[in-house]
Amino acid sequence: MKRQALLSGLIMIVALGGGAASAEPGPFTEQQAADGKTKFNNHCATCHRPNLEGGQGTALIGDAFKQKWAGKPVAELRDYIHATMPPTAPRSLADDQLDPITAYILSKNGVAPGDAPLSKDNASAAFPN
Ligand code: HEC
């Protein structure tokens, strides 16, 4: 009995230490992220690579990327993408491209999907650390 309590205590510490923030659901749905994968591959992957590790464009996953965007409202990333990407046609992405693509980038950075879809009115939550 005692041993079991100790063990479950240890498991909890490991679970909490292992990225509790990332387990917080993000402001997007699983369906959006899946849809975003196709759209990302169509519009972004030539420069950022299908694995988001970067090529002609910078990496959209990993420590440097997260350092830049984590803790800021997702709206900032969404607005940045809208205003600048793709560089050949800034402001060309419609909301039904921008939202899934942003959701996909969040999911690839380990953010878990939630119940509410990402939209221009639901992007104020911070990009989890
Ligand atoms: C023609 C190549 C190209 C395409 C296509 C492209 N990008 Fe980029 N992207 C770049 C380059 C180059 C940079 C670095 C720009 C800079 O730092 O000023 C960049 C930067 C970014 C950043 C900022 C990265 C950071 O570290 O903060 C994001 C986010 C981004 N792109 C998302 C996208 C998305 C989403 C798409 C598809 C809609 C896309 N890009 C399409 C070339 C591209």
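The questions and answers below walk through a predicted model of a protein with its ligand.

Reader: How many helices and how many strands does the secondary structure of the protein come to, and what pattern does the protein follow along the sequence?
Author: The secondary structure of this predicted model comes to seven helices and zero strands. Read from one end of the sequence to the other, the protein accordingly shows the pattern α-α-α-α-α-α-α.

Reader: What share of the residues of the protein count as buried?
Author: A residue is called buried when its relative accessible area is under 20%. For the protein, which has 129 residues, the share that counts as buried is 32%.

Reader: Where does the ligand sit, and which residues are the closest to it?
Author: The space that the ligand takes up is the largest pocket. Around the ligand there are 21 residues, and the closest of these are Cys44, Cys47, His48, Trp69 and Met85.

Reader: Which helices each supply at least two residues of the shell around the ligand?
Author: The shell can be described by class before it is described by helix, and by class it has 14 nonpolar, six polar and one charged residues. The helices that each give at least two residues to this shell are H4 (45-48), H5 (63-69), H6 (74-84) and H7 (95-108).

Reader: Which side chain has an N or O atom 2.8 Å from a nitrogen atom of the ligand?
Author: Polar contacts to the ligand involve both oxygen and nitrogen atoms of the ligand. On the oxygen side, an N or O atom in the side chain of lysine 68 is 2.9 Å from a ligand oxygen, and a polar side-chain atom of tryptophan 69 lies 2.8 Å from an oxygen atom of the ligand. On the nitrogen side, the side chain that has an N or O atom 2.8 Å from a ligand nitrogen is that of histidine 48.

Reader: Why does the distance between the end C-alpha atoms of H7 agree with its number of residues?
Author: Helix H7 has 14 residues, and the expected span is 1.5 Å a residue, so the helix should span 20 Å. The distance between its end C-alpha atoms agrees with this expectation, because that distance is 20 Å.

Reader: Is H7 mostly covered or mostly uncovered, and how many of its residues are buried?
Author: Helix H7 is mostly covered. Its buried residues include Leu98, Asp99, Pro100, Ile101 and Tyr104. Out of the 14 residues of H7, the number that are buried is 10.

Reader: Which backbone oxygen lies 2.8 Å from a polar atom of the side chain of threonine 102?
Author: Threonine 102 has its place in helix H7, and it counts as buried because its relative accessibility is 0%. A polar atom of its side chain lies 2.8 Å from a backbone oxygen, and that oxygen belongs to leucine 98.

Reader: Which backbone nitrogen does the side chain of glutamine 97 reach?
Author: Glutamine 97 lies in helix H7, and with a relative accessible area of 18%, which is under the 20% cut-off, it is buried. At 2.8 Å, its side chain reaches the backbone nitrogen of alanine 94.

Reader: Where is the cis peptide bond at proline 86, and what is its omega?
Author: Proline 86 lies in the loop between H6 and H7. The bond joins this proline to methionine 85, and its omega is about -15°.

Reader: Is arginine 91 buried or exposed, and what is its relative accessible area?
Author: Arginine 91 has its place in the loop between H6 and H7, and it has a positive phi of about 65° although it is not a glycine. An area over 50% counts as exposed, so arginine 91 is exposed, with a relative accessible area of 56%.

Reader: What is the relative accessibility of arginine 49?
Author: Arginine 49 is found in the loop between H4 and H5, and its phi is near 70°, a positive value in a residue other than glycine. Arginine 49 counts as partly exposed, because its relative accessibility is 39%.

Reader: How many Å apart in space are proline 117 and phenylalanine 28?
Author: Proline 117 is found in the segment after H7, and it is partly exposed, with a relative accessible area of 45%. In sequence, proline 117 and phenylalanine 28 are 89 residues apart, whereas in space their C-alpha to C-alpha distance is 4.3 Å.

How values were computed. Residues are numbered from 1 along each chain as its sequence is written. This is a predicted model: local features need pLDDT of at least 70, side-chain atom pairs count only at pLDDT 80 or more; totals for chains, interfaces and linings use all residues. Side-chain values use heavy atoms; hydrogens and water are left out. A residue is near a molecule or strand if one of its heavy atoms lies within 4 Å of it. A polar contact is a pair of N or O atoms within 3.5 Å; within protein, one must be able to donate a hydrogen and the other to accept it, and residues adjacent in sequence count only if both atoms are side-chain atoms. On a 1 Å grid over the protein atoms alone, a cavity is a set of points where a 1.4 Å probe fits but cannot get out, and a pocket is an open set with protein on both sides within 12 Å along at least five of seven lines; lining residues have an atom within 4 Å of a point. A molecule sits in a cavity or pocket if more than half of its atoms lie within 2 Å of its grid points. Helices (H or I, at least four residues) and strands (E, at least two) are DSSP runs, numbered from the N terminus. Ala, Val, Leu, Ile, Met, Phe, Trp, Tyr, Cys and Pro count as nonpolar, Asp, Glu, Lys and Arg as charged, and the others, Gly among them, as polar. The expected span of a helix is 1.5 Å times one less than its number of residues. Buried means under 20% relative accessible area, exposed over 50%, partly exposed in between (1.4 Å probe, protein chains only).
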